[in-house]
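Grab a pencil and work through these exercises with the model open beside you. Each task comes with a solution that goes step by step.

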Amino acid sequence: MADRGASALSLPEDRPAHPDPILALNGMGSFDWDLDAGLFLLDAQAFEVLDLPPEEYDGRLDTLNALRVPPPEAARLDATVARAIKDGSEHYSAYFRIRRRDGTMRWTHTRGRIRRDGTGRPHRVVGILRDATEELADSTARGFRSAQDEAFRQQTGVVQVISAALAHARTVQDVIDVLKDTHGVRHLGATSLVMGLVEAGRIRLVAEGPAGSFVPGTAVTRIDEPYPMSEVVRSLSPRFIESPEEFAAHYPLLWPHLTGLRITSAAYLPLIAQARPIGAMGLLYDNRRGFSAEERAVLVALGGSIAQSLMRAMLYEQEKDLAQGLQQAMLPRSIPSVCGADVAVRYRSAALGRDIGGDWYDLIPLPGATSSGGGRVGAVIGDVQGHDTHAAAVMGQLRIVLRAYAAEGHTPATVMARASVFLHELDTDRFATCLYAEADLATGVVQMVRAGHIDPLVRHRDGRCARLSVEGGLPLGLSAEFGRLEYPVATVELEPGATLLLCTDGLVELPGTDLDEGVSALLRLVRDGPAEVAALADRLIRAAEEHGGDDDVALLLLRRRIRQAARPGGRLRRHVASGDPEALARARHMVRDAVRAWGAGAQADEIELVADELITNALLHTEGPASVTLRVLEGDERRLRIEVEDCSSALPRRRDADENGVSGRGLLLVDRLADAWGVAARGSGKAVWCEFRLP
């Protein structure tokens with residue numbers, strides 16, 4: 001039987017493991033392990049040997065181990081394969097136990113052939129699997145099996161406790177926390193823990209304890225340095241140090257720093273995942289000398305479990321960082337300050353690894369908007385169907401076109417209808433829900449259009465909270481497909497001190513509850529929360545994180561300010577004709593005199609520079625006259641406003657100048673120096689304005 005198994009390993013290089021009638025007649029299955037792709041393929045007979053339904057298996061070795069191979073057995077088998085790979089062997093052979101569907105344990109024998117490329121790097125393993133329970137049924141084998149059973153029970157007791165805790169670890173820090181608490185290494189009687197991860201040929205220390213046990217110079221070490229963690233990473237084999245004398249003799253650089261901890265023995269384990277070292281862990285003891293075979297098996301099994309957990313955690317963190325980075329890139333980088341309202345936005349991604357959603361928010365300054373005295377602003381909240389990169393890409397396009405339609409001055413219903421047509425014409429089958437609110441902060445009038453989205457909420461000045469019932473239309477994309485582009489507009493008045501809350505359904509869809517219960521819970525949170533919008537937004541996001549949920553959350557809060565009665569301020573205006581240098585000089589003198597007279601103080605030079613840039617841009621790029629207006633706005637804060645009007649409807653565009661360029665820095669300076677700036681339509685032309693806070 002063994003000879004038949006060996007001959008089966010001489011498959012051609014381009015032939016994967018496949019059902020073989022000779023192997024099947026002998027009760028043998030075959031496997032084909034692609035080390036690069038991480039695929040572990042089984043033939044039909046191998047599924048029989050492992051008592052594994054094919055539909056439950058996804059081709060991954062981790063899945064096979066989770067379904068059939070207990071952690072200690074998997075760790076021992078991994079160590080055998082890793083040793084064969086390291087030694088340059090062509091074959092390996094091992095007995096291990098599997099747990100069948102009925103819970104019984106069966107012995108299994110495997111033999112594999114390691115195939116390497118031209119450089120000697122292993123890239124594929126082919127082999128056989130067969131049931132070996134009857135083979136080990138004689139008296140000698142029973143004695144061997146009895147000892148193995150006892151060791152197995154001891155290993156399982158320790159490893160399963162820690163593995164169960166590691167199963168809930170999502171991040172590298174979670175893994176470290178599990179190992180450092182009372183259910184971790186102290187369960188093994190260790191005094192101290194040290195762990196490092198392999199990064200670019202070095203080992204970076206990520207955990208050490210207890211406090212005060214850090215060894216200087218070991219935060220980052222090279223793999224070729226004479227330290228025990230470096231050694232186990234190089235060798236892929238554990239290192240058991242059984243006495244202080246052995247420690248001092250083999251690691252003279254490290255030992256002097258550990259004498260204060262009274263270390264008597266240590267175990268250093270390589271953390272191997274997907275046949276490569278990802279790090280190393282050291283357990284130090286102060287009350288024991290030496291390690292039995294069972295204790296070594298426990299620690300090797302523990303190292304395998306920790307390595308798998310760490311690999312899973314690192315992949316999770318990488319994928320989550322990538323997903324969050326992509327999502328954040330699609331959202332607005334900043335929200336413009338709106339005097340007349342306090343605004344807070346928040347976004348929380350669901351803890352789903354690389355899954356990302358199409359939730360978004362936006363705040364759009366509208367023509368005529370100002371940063372003081374109140375103007376017009378558009379608030380958007382939306383959610384594209386799905387949780388993938390396609391949903392995020394559609395969201396990014398929708399956000400841009402909706403912002404463009406709103407900034408052009410279209411009515412809320414027209415903005416929504418055009419956005420629906422745009423989405424319908426995209427090469428996508430996704431739809432989106434959305435709510436667009438256009439607020440006049442001077443009067444408090446808010447016009448809202450809803451496309452399949454959840455209703456907004458309002459918190460009144462006295463703390464009362466209510467759900468605003470807004471008649472809506474079909475979601476974006478669907479309304480265009482079915483030819484129902486009429487969106488009703490709801491008009492409400494937002495009183496001074498009241499807060500409008502727009503959110504996606506991830507904030508109200510609580511596990512085990514319906515939508516109405518989620519909205520009621522949200523109303524209670526808003527009612528009992530702080531009045532300040534940033535603090536309230538933080539509270540709502542914390543609540544979303546506490547109750548979990550599998551959906552992203554986007555949130556926008558807009559609170560209309562309670563303004564003091566305005567006091568009259570100064571106002572100056574001057575006309576500057578194109579090609580009239582004297583008029584330009586007089587305008588500059590007017591600005592210089594005004595900013596000093598009105599108490600600009602140390603800001604005077606910056607204000608003069610910004611005003612000069614705005615005037616110069618108007619004269620250079622419109623080839624017509626310009627009018628300059630300066631005035632002081634008095635309210636709950638004192639501001640100096642500069643407006644430069646011209647006869648061109650073309651909007652200015654901020655751009656970065658070349659290193660040696662002589663132009664292109666005007667609006668960049670305005671953006672950097674002014675507290676706020678914008679563009680407002682004025683008849684056949686426009687006004688570019690900016691504001692500075694005055695002491």
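**Exercise 1.** Find the salt bridge that Arg430 forms, and say how buried or exposed each partner is.

*Solution.* Start with the cut-off: a salt bridge needs a side-chain nitrogen of Lys or Arg within 4 Å of a carboxyl oxygen of Asp or Glu. Arg430 has Asp429 as its partner, with the closest N and O atoms 3.6 Å apart. Next, accessibility: under 20% relative accessible area is buried, over 50% is exposed, and anything in between is partly exposed (1.4 Å probe, protein chains only). Arg430 comes out at 16%, so call it buried. Asp429, at 65%, is exposed.

A quick word on the ground rules: this is a predicted model, where local features need pLDDT of at least 70 and side-chain atom pairs count only at pLDDT 80 or more, while totals for chains, interfaces and linings use all residues. Residues are numbered from 1 along each chain as its sequence is written, and side-chain values use heavy atoms, leaving out hydrogens and water.

**Exercise 2.** Which parts does the salt bridge between Arg588 and Asp612 tie together?

*Solution.* First, the distance: the closest N and O atoms of Arg588 and Asp612 are 2.3 Å apart. Now place them: Arg588 sits in helix H16 (residues 581-597) and Asp612 in helix H17, so the bridge ties together parts 24 residues apart in sequence. Helices here are DSSP runs (H or I, at least four residues), numbered from the N terminus. Finally, check accessibility: Arg588 is partly exposed at 34%, and Asp612 is partly exposed at 22%. To put the pair in context, the structure holds 31 salt bridges, and Arg631, Arg639, Arg641, Glu643 and Glu691 are linked in a network of them.

**Exercise 3.** Check whether the end-to-end span of helix H17 agrees or disagrees with the expected one.

*Solution.* The recipe is 1.5 Å times one less than the number of residues. H17 covers residues 604-622, which is 19 residues, so it should span 27 Å; the end C-alpha atoms are 27 Å apart, and that agrees. Now look at which side chains are tucked away: the buried residues of H17 include Ile607, Ala611, Leu614, Ile615 and Ala618. An α-helix has 3.6 residues a turn, so residues three or four places apart point the same way. Just after H17 comes Glu623, with a positive phi near 55°.

**Exercise 4.** Which residues touch the most other members of the largest nonpolar core?

*Solution.* A nonpolar core is a set of buried Ala, Val, Leu, Ile, Met, Phe, Trp, Tyr and Cys residues joined through side-chain atoms within 4.5 Å. The largest one has 54 residues, and Trp360, Leu398 and Leu476 touch the most other members. Helix H11 (residues 389-407) supplies its largest share, eight residues. Zoom in on Leu398: leaving aside neighbours within four places in sequence, its contacts (heavy atoms within 4.5 Å) include Trp360, Val384, Phe422 and Leu476.

**Exercise 5.** Classify the ring pairs Phe247 with Trp255 and Tyr285 with Phe291.

*Solution.* Rings of Phe, Tyr and Trp (its six-membered ring) pair if their centres lie within 6.5 Å; planes under 30 degrees apart are stacked, over 60 edge-to-face, the rest tilted. The whole structure has eight such aromatic pairs. For Phe247 and Trp255, the centres are 5.2 Å apart and the planes at 35°, so the pair is tilted. For Tyr285 and Phe291, it's 5.7 Å and 70°, so that pair is edge-to-face. Phe247 is buried at 1%, and Trp255 is buried at 15%.

Terms used
Helix = DSSP H or I, 4+ residues; strand = E, 2+ residues; numbered from the N terminus.
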